[in-house]
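I opened the notebook with three topics to look up: pockets, nonpolar cores and salt bridges. The entries below follow the order in which I worked.

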Amino acid sequence: MAVQQLLNDIDIYDLPKSRLTVRLSEQLGCTRQTISSWLKQAKPADYAAFSPLVFSLQNDCEAAKTVLTEHTQSVVRLINKSRGNSPLPVILIGGLAKVSQPLLPRALQNELSPCKGDSLTGAAILAAKHYHDIIEKGQPNEP
């Protein structure tokens, strides 16, 4: 979303205008060609590297605030679609979980369950259960 803000500035003004897009252009360039080259090889971690910048500018830059608003709306939509009409617990995980939680609507924040570990912990629990099933029953318990 931040890179899209940079592209929007270039389309409209022919140069980066906001504090966010100026800072991004220092790393990505300020032409469609240089940004397109970056986009072709960018990996998720490359995009994630911009998150601290966006969050640091949220109170001083309208573009950063817009990016975070769009991010928050996406998280809320994902939660709502995932839950449907059921009262499933919601646990935020991932690199942006802690910084995203305060941006969510208060009612949704109150419905969040605390994370009890990370993906490695979950994998270890599943492996231990699988091992236990093999030892106890002589074969894995298939879902």
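**Pockets**

I began with the lining of the second largest pocket, to which H6 and helix H7 (97-100) each supply at least two residues. H6 is the element that gives the most to this lining, with six residues. I note here that the model is a predicted one.

I then looked up the space in the second largest pocket, which comes to about 230 Å³. Its lining is made of 15 residues, and those closest to the centre are Val75, Leu78, Ile79, Ile91 and Leu92. When I sorted the lining of the second largest pocket by class, I found 11 nonpolar residues, three polar and one charged.

Next I turned to the largest pocket, for which the computed volume is about 270 Å³. I listed 14 lining residues there, with Met1, Ala2, Tyr47, Ser51 and Val67 the closest to the centre of the pocket. At least two residues of this lining come from each of helix H1 (2-13), helix H4 (44-48), helix H5 (51-56) and helix H6 (62-83). By class, I counted 12 nonpolar and two polar residues in the lining of the largest pocket, and no charged ones.

**Nonpolar cores**

My next entry concerns the largest nonpolar core, which has 21 residues, and in which Val3, Leu20, Leu24, Leu28, Ile35 and Val54 touch the most other members. Two or more residues of this core come from each of H1, helix H2 (19-28), helix H3 (32-41), H5 and H6. H1 gives the most to the core, with five residues.

I followed Val54 further and, leaving aside its neighbours within four places in sequence, I found it in contact with Ala2, Leu20, Ala64, Val67 and Leu68. Apart from the largest core I also recorded another core, of nine residues, among them Val75, Val76, Val90 and Ala97. As background, I wrote down that nonpolar side chains in soluble globular proteins tend to be buried together.

**Salt bridges**

How many salt bridges does the structure hold? I found four, and I describe some of them here.

I looked first at Arg32 and Asp11, the side chains of which meet in a salt bridge at 2.7 Å, N to O. The pair links distant parts of the chain, with Arg32 in helix H3 and Asp11 in helix H1, 21 residues apart. Arg32 counts as partly exposed, at 38% relative accessibility, and Asp11 is partly exposed as well, with a relative accessible area of 45%.

I then checked Glu111 and Arg83, which meet through their side chains in a salt bridge at 2.6 Å, N to O. Because Glu111 lies in helix H8 (residues 106-111) and Arg83 in helix H6, the pair ties together parts that are 28 residues apart in sequence. Glu111 is partly exposed, with a relative accessible area of 39%, whereas Arg83 counts as buried, at 16% relative accessibility.

My last lookup was the salt bridge of Lys129 with Asp133, in which the closest N and O atoms are 3.1 Å apart. Lys129 and Asp133 are four residues apart in helix H9 (residues 119-137), so about one helical turn separates them. I asked of each partner whether it is buried or partly exposed. Lys129 counts as partly exposed, at 42% relative accessibility, while Asp133 is buried, with a relative accessible area of 6%.

Technical notes:
Residues are numbered from 1 along each chain as its sequence is written. This is a predicted model: local features need pLDDT of at least 70, side-chain atom pairs count only at pLDDT 80 or more; totals for chains, interfaces and linings use all residues. Side-chain values use heavy atoms; hydrogens and water are left out. On a 1 Å grid over the protein atoms alone, a cavity is a set of points where a 1.4 Å probe fits but cannot get out, and a pocket is an open set with protein on both sides within 12 Å along at least five of seven lines; lining residues have an atom within 4 Å of a point. Grid points are joined across faces, edges and corners, and a volume is the space filled by probe spheres set on the points. Ala, Val, Leu, Ile, Met, Phe, Trp, Tyr, Cys and Pro count as nonpolar, Asp, Glu, Lys and Arg as charged, and the others, Gly among them, as polar. A nonpolar core is a set of buried Ala, Val, Leu, Ile, Met, Phe, Trp, Tyr and Cys residues joined through side-chain atoms within 4.5 Å. Buried means under 20% relative accessible area, exposed over 50%, partly exposed in between (1.4 Å probe, protein chains only). Contact means heavy atoms within 4.5 Å.
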